[in-house]
Amino acid sequence: MPAKKQLSFEASLEKLESIVQTMESGDTTLKDLMANYAEGVKLSERCLKDLTRAEQAMDLLVKDDNGKAKAEPLTIEGE
């Protein structure tokens with residue numbers, strides 16, 4: 001089975017916002033609410049992971065021993 005392509009941060013956030021709007025509308029069944037909730041949790045975890053990576057990259061760009069800007073490549077485990 002081919003690997004599922006991961007959504008970008010922006011696409012994940014957009015989908016999460018859509019799920020929230022759907023859930024807040026009150027026009028869905030309990031079964032759909034539960035499915036949306038589960039998908040929303042996964043999407044929010046993905047977004048938080050992406051934001052953490054971006055924050056780490058920014059930290060690497062602005063910190064060095066002398067307090068001067070320094071660029072270093074970000075190494076992420078598992079990639």
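A salt bridge is taken here as a side-chain nitrogen of Lys or Arg lying within 4 Å of a carboxyl oxygen of Asp or Glu. In the predicted model described here, D50 and R46 satisfy this criterion, the closest N and O atoms of the pair being 3.4 Å apart. Both residues belong to helix 2, where a spacing of 4 residues separates them by about one helical turn. An α-helix has 3.6 residues a turn, so residues three or four places apart point the same way. Since the cut-off for burial is a relative accessible area under 20%, D50 counts as buried at 15%, and R46 is likewise classed as buried at 18%.

By the same rule the count of salt bridges comes to 2. The other pair consists of K15 and E39, whose side chains meet with an N to O distance of 3.0 Å. This pair links distant parts of the chain, with K15 placed in helix 1 (residues 9–25) and E39 in helix 2 (residues 30–62), 24 residues apart. As to exposure, K15 has a relative accessibility of 39% and therefore counts as partly exposed, and E39, with a value of 29%, is also assigned to the partly exposed class.

The secondary structure that frames these pairs comprises 2 helices and 0 strands. For helix 1, the 17 residues should span 24 Å at 1.5 Å a residue, and this expectation agrees with the separation of the end C-alpha atoms, which is 24 Å. Within helix 1, the residues S12, L16 and I19 are buried; because they cover an arc of only 60 degrees around the axis, they are placed on the same side of helix 1. The other side of helix 1 carries E10, E14, Q21 and E24, which are exposed. After helix 1 comes G26, a residue with a positive phi, near 80 degrees.

Turning to the protein as a whole, 13% of its 79 residues count as buried. The accessible surface amounts to about 6800 Å², and carbon and sulfur atoms contribute 56% of that area. Where contacts between residues at least 6 apart in sequence are considered, 39% of them join residues at least 24 apart. The pair of K15 and E39, in helix 1 and helix 2 respectively, is itself separated by 24 residues.

How values were computed:
Residues are numbered from 1 along each chain as its sequence is written. This is a predicted model: local features need pLDDT of at least 70, side-chain atom pairs count only at pLDDT 80 or more; totals for chains, interfaces and linings use all residues. Side-chain values use heavy atoms; hydrogens and water are left out. Buried means under 20% relative accessible area, exposed over 50%, partly exposed in between (1.4 Å probe, protein chains only). Contact means heavy atoms within 4.5 Å. Accessible areas come from the Shrake-Rupley method with a 1.4 Å probe; for residues, only the protein chains shown count as cover. The expected span of a helix is 1.5 Å times one less than its number of residues. The arc is that of the directions from the helix axis to the C-beta atoms.
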